[in-house]
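Biologist: Hi! Could you walk me through this model while we both have it open?
Modeller: Happy to, just ask away.

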Amino acid sequence: MNYLSVENVSRSFGDRTILSDITFYIDQGQKVAFVARNGTGKTSLLKIIAGLDTPDTGTVQVNKKITMAYLDQEPPLDPGQKVFDAVYTSQNPIVRAIRSYEVSLAAGDSAAIQSAFEKIEALQAWDYEVKIKQILYRLDIPQLDARIGHLSGGQQKRVALANVLINDPDFLVLDEPTNHLDLGMIEWLEDYMDKSKLTLLMVTHDRYFLDKVCNQVLELDDGKIYKHHGNYTYFLEQTANRKENLQARIGKAKSLHRKELEWMRRQPKARGTKAKARIEAFHELEEQASRKVNTEKLTLDIKMNRLGGKILECYNLRKSYDELVILDKFSYKFKRRDRVGVIGKNGSGKTTFLRLLVGSESLDGGKIVVGETVQFGFYTQTGLQPKSDKRVIDMVRDVAEAIPMYGGKKLTAAQLLERFLFPREMHYQPVGQLSGGEKRRLHLLTIFMANPNFLILDEPTNDLDILTLNVLEDFLEQFEGCLLIVTHDRYFMDKLVDHIFVFEGDGKIMDFPGNYTDYRNWQKQTEKTKPGVLEKSPEPSSAGEAYAKQGKMGFKEKREFKQLEKDIAVLEQTKTDLEEQLNSGNLDHQSLHEITAKLSKVMAEIDERSDRWLELSELK
């Protein structure tokens with residue numbers, strides 16, 4: 001069944017054409033990634049599909065028999081609305097019934113509780129309620145009675161994501177769904193999308209996410225749509241082959257063009273019909289021969305400022321905000337060409353840690369010693385805040401006119417802009433006309449133009465397209481200074497870091513030798529040896545496994561499924577009770593420590609049993 005038809009769509013803003021004659025189709029069950037450079041209209045196309053914008057030409061048709069949901073990069077939530085209302089906003093009768101049940105429970109209205117209970121029973125929606133609870137827990141949705149306006153941008157994005165997942169539409173359109181999620185959330189969402197039967201169209205820079213979830217890639221390149229059946233790895237292979245073949249065709253066209261050019265020069269002005277046909281063919285050949293294919297990797301032999309023997313030394317660093325301990329006696333000496341990734345849950349203090357190192361945040365205790373030759377380049381999540389009418393090239397020239405290269409050469413601001421995918425025609429464009437991704441790329445350029453020897457990057461991959469990420473990675477691989485990165489992009493981290501600072505909570509930081517994938521493999525292996533809080537659910541029998549392969553539950557699976565629902569309900573109630581005790585304010589230090597430890601164990605058990613519940617729910 002066809003879900004979406006996009007035919008001959010074009011869209012311009014002023015003199016700038018961002019979409020031109022775009023045509024593609026999406027059918028039921030397809031999980032499609034849309035890949036293109038920043039500024040080529042990815043977000044604009046998604047807004048047109050979602051009905052939030054209209055094309056200048058062409059048509060977009062969404063099947064009227066299906067439900068569709070759209071997740072914007074910056075969801076337009078009502079700041080005065082409560083989180084509960086934003087999460088449960090829905091036309092889905094099951095979601096509305098569960099919402100009524102939750103409202104009546106909170107109000108203690110017995111008659112309303114009974115009425116809502118009967119509706120849920122009639123809709124057979126108790127499984128769905130467990131699913132909603134798991135989504136809210138996995139995305140770490142804050143207190144449901146909090147106001148949207150009191151949340152951070154990242155928290156608001158997670159609330160909007162929870163809403164679209166809870167509504168369970170037939171067709172889901174996502175714009176950068178992994179932004180503002182920590183690594184654990186991304187892995188859960190990746191697994192959820194992979195196992196779901198949703199039809200998807202998404203824009204994301206997360207290459208591991210694309211590789212696991214998507215079964216088709218739509219590539220917009222040079223104004224044309226290329227369709228690749230398969231995941232991201234297959235897309236890379238096909239793109240490389242296409243460019244090689246195109247390069248070969250251009251080479252042949254150039255050779256033939258030279259011969260035809262000689263013929264053109266020899267011919268008199270008056271020509272017959274056959275000659276005119278050959279002339280028309282010559283002009284087509286000339287156009288093909290003049291095409292260019294960019295197959296080169298970025299090479300920048302920048303002469304970095306010298307790093308001395310002493311770089312950056314941390315001694316017994318301490319930092320906390322009330323009860324939240326970020327650092328507790330952290331010590332580390334950075335070495336030459338240190339390449340460190342920083343991971344941890346949202347709110348664990350990763351950005352604060354970076355700000356402490358550069359001196360923009362004060363310590364509670366300890367000492368940071370910065371070497372005399374160190375020059376920081378600090379890329380922040382807030383990005384540039386220039387006047388909208390300031391020109392692109394002036395933003396770079398304000399930092400420096402040129403950057404020194406080895407061999408005595410220099411790279412000018414204009415040349416560096418071109419290396420980072422800003423063509424000459426964009427150099428004198430106002431910054432206000434750039435897309436979100438282009439502004440972030442320009443921010444990175446201003447950092448590099450100062451020629452730092454210690455780069456600190458806080459979520460540098462947000463809103464950058466995959467092509468830009470490849471350029472950035474090539475640059476950072478050649479960078480000879482120290483590199484400290486906070487990012488939720490697992491591919492980016494795997495490629496660039498050689499060890500990781502893991503924020504474990506309570507001020508503890510583990511220095512793990514290896515990249516992110518190495519850490520996750522070690523973590524999974526370690527977790528296998530840990531005893532569970534409750535006795536684990538029974539493993540399916542071999543007969544049950546054989547039955548499950550047919551896409552159905554056997555008797556033991558059904559029994560396990562029902563038991564899991566009961567276990568999860570008990571654990572959720574236990575979790576609620578423990579949280580109420582923690583929030584009471586009546587606990588001494590010892591009791592606070594004990595209840596926190598119990599809560600941690602219960603939450604781990606909810607995770608484990610919920611994962612198994614999801615596996616079995618796919619077989620129903």
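**Loops, cores and a cavity**

Modeller: Let's start in a loop: Asp140 sits between helix 5 and helix 6. Please keep in mind that this is a predicted model.

Biologist: Is Asp140 buried, exposed or partly exposed?
Modeller: Asp140 counts as partly exposed, because its relative accessibility is 43%, between the 20% and 50% cut-offs.

Biologist: And what is phi of Asp140 near?
Modeller: It is near 50 degrees, a positive value in a residue other than glycine. Most residues other than glycine have a negative phi.

Biologist: Which other non-glycine has a positive phi?
Modeller: Gln124, with a phi of about 50 degrees. You'll find Gln124 in the loop that links helix 4 (110-123) to helix 5 (126-138).

Biologist: Buried or exposed, that Gln124?
Modeller: Gln124 is exposed, since its relative accessible area is 70% and the cut-off for exposed is over 50%.

Biologist: Let's step back. How confident is the predictor, on average, in the protein chain?
Modeller: The average pLDDT of the chain is 81, and 82% of the residues reach at least 70. Residues 533-551 are a stretch to treat with care, with pLDDT below 50. In the model that stretch still has 24 contacts beyond near neighbours in sequence.

Biologist: How should I read a stretch like that?
Modeller: Where pLDDT is low, the predicted coordinates should not be read in detail.

Biologist: Fair enough. How many helices and strands are there in the chain?
Modeller: The protein chain has 20 helices and 20 strands. It runs to 620 residues, and 47% of them count as buried. Taking contacts between residues at least 6 apart in sequence, 69% join residues at least 24 apart.

Biologist: How many residues are in the largest nonpolar core?
Modeller: That core has 58 residues, and Leu139, Leu165, Leu172 and Met193 are the ones with the most contacts inside it. Helix 6 (residues 153-167) supplies the largest share, seven residues. Apart from this core lies another one of 49 residues, including Leu411, Leu442, Leu444 and Met449.

Biologist: Back to Met193: what is it in contact with?
Modeller: Leaving out neighbours within four places in sequence, Met193 is in contact with Leu165, Leu172, Leu174, Leu198, Leu200, Phe209 and Val213, plus Lys31.

Biologist: Changing topic, how many cavities of 30 Å³ or more turn up?
Modeller: A search of the whole structure finds one. The largest cavity has a volume of about 50 Å³.

Biologist: Which residues line the largest cavity?
Modeller: From the early part of the numbering there are Phe34, Val35, Ala36 and Lys42. Then come Glu176, Val203, Thr204 and His205, followed by Leu464, Asp465 and Ile466. By class, that lining has six nonpolar, two polar and three charged residues.

Biologist: I see His205 in that list. Which residue touches His205 from a loop?
Modeller: Asn462 does, and its other partners are Asn179, Gln381, Arg440 and His488, not counting residues up to four places away in sequence. Asn462 is in the loop between strand 17 (454-458) and helix 15 (466-478).

Biologist: Why does Asn462 count as buried?
Modeller: Because its relative accessible area is 3%, and buried means under 20%.

Biologist: What about Thr468, where is that?
Modeller: Thr468 is in helix 15. It is buried, with a relative accessible area of 3%. Apart from neighbours within four places in sequence, Thr468 is in contact with Asn38, Leu421 and Arg441. The C-alpha atoms of Thr468 and Arg441 are separated by 7.9 Å, with their positions 27 residues apart along the chain.

Biologist: Nice. Where does Gly80 lie?
Modeller: Gly80 lies in the loop between strand 5 (68-71) and helix 2 (83-87). Its relative accessible area is 42%, so Gly80 is partly exposed. Its C-alpha is 5.9 Å from that of Arg147, although the two are 67 residues apart along the chain.

Biologist: One last stop: Leu564, buried or exposed?
Modeller: Leu564 counts as buried, at 0% relative accessibility. It belongs to helix 19 (residues 555-583). The C-alpha atoms of Leu564 and Trp613 are separated by 6.5 Å, and the pair is 49 residues apart along the chain.

How values were computed. Residues numbered from 1 in each chain as written. Predicted model: local features only at pLDDT ≥ 70, side-chain atom pairs only at ≥ 80, totals over all residues. Heavy atoms only, no water. pLDDT = per-residue confidence, 0-100. Contact = heavy atoms within 4.5 Å. Core = buried A, V, L, I, M, F, W, Y, C linked by side-chain atoms within 4.5 Å. Buried < 20%, exposed > 50% of the residue type's maximum accessible area, 1.4 Å probe, protein only. Helix = DSSP H or I, 4+ residues; strand = E, 2+ residues; numbered from the N terminus. 1 Å grid on protein atoms, 1.4 Å probe; cavity = no way out; pocket = protein on both sides within 12 Å on 5 of 7 lines; lining within 4 Å. Points joined across faces, edges and corners; volume = space filled by probe spheres on them. Nonpolar A, V, L, I, M, F, W, Y, C, P; charged D, E, K, R; others polar.
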